[in-house]
Amino acid sequence: VKIAGELTPCVFHIPARAIASQALSIFGDQNDVMQVRSTGFAILFANTVQETLDFALAAHIATLRARVPFVHAFDGFRTSHEIMKIQA
């Protein structure tokens, strides 16, 4: 909350994954990311590898211009492990 209150530009890139008690979970889950809704951070959710790249760049540009902190979330298993050609 202090980061958002001081209008400090920053971006957190979060690979969101379900929390499992016994073994590694392969399911995506946004419950941990949704906990930051009331903190003043802007939140971006990416669905594909291309969106992950695009939103990462957009979040950095937007936080520097608007001085609003951003959380950039994407699927913590499929998207973070996927190999795909992207357009830069």
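In which helix is A58 found? In the predicted model, A58 is found in helix α3. This residue has a relative accessibility of 38% and therefore counts as partly exposed, since buried means under 20% and exposed means over 50%. The C-alpha atom of A58 is separated by 9.8 Å from that of H72, a residue 14 positions away along the chain.

The chain as a whole contains four helices and three strands. Along the sequence these elements follow the order α-β-α-β-α-β-α. Of the 88 residues in the chain, 28% are buried. The accessible surface amounts to about 6000 Å², and carbon and sulfur atoms account for 61% of that area. When contacts between residues at least 6 apart in sequence are considered, 68% of them join residues at least 24 apart.

Helix α3 comprises 18 residues, from 49 to 66. At 1.5 Å a residue, a helix of 18 residues should span 26 Å; the end C-alpha atoms of α3 are 25 Å apart, so the two values agree. Several residues of α3 are buried, namely V49, Q50, T52, A56, A59 and T63. A58, by contrast, is partly exposed because its relative accessibility is 38%. Just after the helix, R67 adopts a positive phi of about 55°.

Helix α3 also takes part in a β-α-β unit with β2 and β3, and this unit is right-handed. The two strands of the unit, β2 and β3, run parallel and are joined by five bridges. Strand β2 covers residues 42–46, and strand β3 covers residues 70–75. Within this pairing, F45 has A73 of β3 as its bridge partner. As a general matter, side chains in a regular strand alternate between the two faces of the sheet.

The segment ahead of β2 was also examined. T39 lies in the loop that connects α2, residues 31–34, with β2. With a relative accessibility of 19%, T39 counts as buried, because the cut-off for this class is under 20%. A polar atom of the T39 side chain lies 2.6 Å from the backbone oxygen of V36.

Notes:
Residues are numbered from 1 along each chain as its sequence is written. This is a predicted model: local features need pLDDT of at least 70, side-chain atom pairs count only at pLDDT 80 or more; totals for chains, interfaces and linings use all residues. Side-chain values use heavy atoms; hydrogens and water are left out. The expected span of a helix is 1.5 Å times one less than its number of residues. Buried means under 20% relative accessible area, exposed over 50%, partly exposed in between (1.4 Å probe, protein chains only). Contact means heavy atoms within 4.5 Å. Accessible areas come from the Shrake-Rupley method with a 1.4 Å probe; for residues, only the protein chains shown count as cover. A polar contact is a pair of N or O atoms within 3.5 Å; within protein, one must be able to donate a hydrogen and the other to accept it, and residues adjacent in sequence count only if both atoms are side-chain atoms. Two strands pair if DSSP finds at least two bridges between them. A crossover is right-handed if, with the strands pointing away from the viewer, the path from the first strand over the helix to the second runs clockwise.
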